[in-house]
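Visitor: I have a protein model in front of me and would like to learn how to read it step by step. Could you take me through it, giving the general idea before each case?

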Amino acid sequence: MPPSLTGLLLVVFLIHLVAFAVLGLRRRQVYYLALVVTFSLLSASMAARLAMPDSHLRDDGMTVDEVLRIAACAAAAVSIGWTLVRLRARIARNRSNG
């Protein structure tokens, strides 16, 4: 991936990180923590790719940015699961109120 695209992704991820952090603090909902962690890991991954593109964390050849992206995938899975649980609860509430 060219450095210019990596830099653009870093900016996009940082904007999302700040936006979800602000939303989480304003709404005082722990739900946003999964989003903040996901975008923190994605931002760190892009920063690592820019700052140290050839740094290997493991003996099998995985770079630091790859490990961070794998962790971000796990955090995103938690976030998606949490979103589905909240959506299901909202639908159940609407059915019982309507």
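Visitor: Which pattern does the chain follow when it is read along the sequence?

Guide: A good start is to list the helices and strands in order, and in this predicted model the chain follows the pattern α-α-α, since the secondary structure comes to 3 helices and 0 strands.

Visitor: How many residues does α1 have, and what does it reach from its first C-alpha to its last?

Guide: One can set the span of a helix beside the span expected at 1.5 Å a residue. Helix α1 has 25 residues and reaches 36 Å, close to the expected 36 Å.

Visitor: What radius of gyration does the chain have, beside that of a compact globule of 98 residues?

Guide: The globule would have a radius of gyration near 13 Å, whereas the chain has 17 Å. The box filled by the C-alpha atoms, taken along the principal axes, gives another view, at roughly 55 × 30 × 20 Å.

Visitor: Which residues of α1 are buried, and against what do they pack?

Guide: Here the general idea concerns the turn of the helix. An α-helix has 3.6 residues a turn, so residues three or four places apart point the same way. In this structure the buried residues of α1 are Thr6, Leu10, Phe13, Leu17 and Gly24, and they pack against α2.

Visitor: Is Ser43 buried or exposed, and which residues does Ser43 touch?

Guide: A residue counts as buried under 20% relative accessible area, and Ser43 has 5%, so Ser43 is buried. Ser43 lies in helix α2 and, leaving aside residues up to four places away in sequence, touches Leu10, Phe13, Leu14 and Leu17. Seen from the other side, and with the same exclusion of residues up to four places away, Phe13 touches Phe39, Leu42, Ser43 and Met46.

Visitor: Which residues of the largest nonpolar core touch the most other members?

Guide: This core has 13 residues, and those touching the most other members are Phe13, Phe39, Leu41, Leu42 and Leu68. Helices α1, α2 and α3 (64-97) each supply at least two residues of the core, while the largest share, 6 residues, comes from α2.

Visitor: How many aromatic pairs does a search of the whole structure find, and why is the pair of Phe20 and Phe39 called stacked?

Guide: The search finds 5 aromatic pairs. To name the geometry of a pair we need the angle between the ring planes, and planes under 30 degrees apart count as stacked. The rings of Phe20 and Phe39 have their centres 5.7 Å apart and their planes at 20°, so this pair is stacked. The pair links distant parts of the chain, with Phe20 in helix α1 (residues 3-27) and Phe39 in helix α2 (residues 32-51), 19 residues apart. Phe39 also counts as buried, at 14% relative accessibility.

Visitor: Which residues form one aromatic cluster, and what lies over the face of Tyr31?

Guide: The cluster is formed by Phe13, Phe20, Tyr31, Tyr32, Phe39 and Trp82. Over the face of Tyr31 lies Arg86, at 3.9 Å from the ring centre.

Visitor: What phi does Arg28 take, and where is Arg28 found?

Guide: When reading backbone angles, it helps to look at the sign of phi. Phi of Arg28 is near 55°, a positive value in a residue other than glycine. Arg28 comes just after α1, in the loop between α1 and α2, and is exposed, with a relative accessible area of 74%.

Conventions
Residues numbered from 1 in each chain as written. Predicted model: local features only at pLDDT ≥ 70, side-chain atom pairs only at ≥ 80, totals over all residues. Heavy atoms only, no water. Phe/Tyr/Trp six-rings, centres within 6.5 Å; stacked < 30°, edge-to-face > 60°. Helix = DSSP H or I, 4+ residues; strand = E, 2+ residues; numbered from the N terminus. Buried < 20%, exposed > 50% of the residue type's maximum accessible area, 1.4 Å probe, protein only. Lys NZ or Arg CZ within 6 Å of the ring centre and 35° of its normal. Expected span 1.5 Å × (residues − 1). Contact = heavy atoms within 4.5 Å. Core = buried A, V, L, I, M, F, W, Y, C linked by side-chain atoms within 4.5 Å. Rg over C-alpha atoms; globule rule 2.2 N^0.38 Å.
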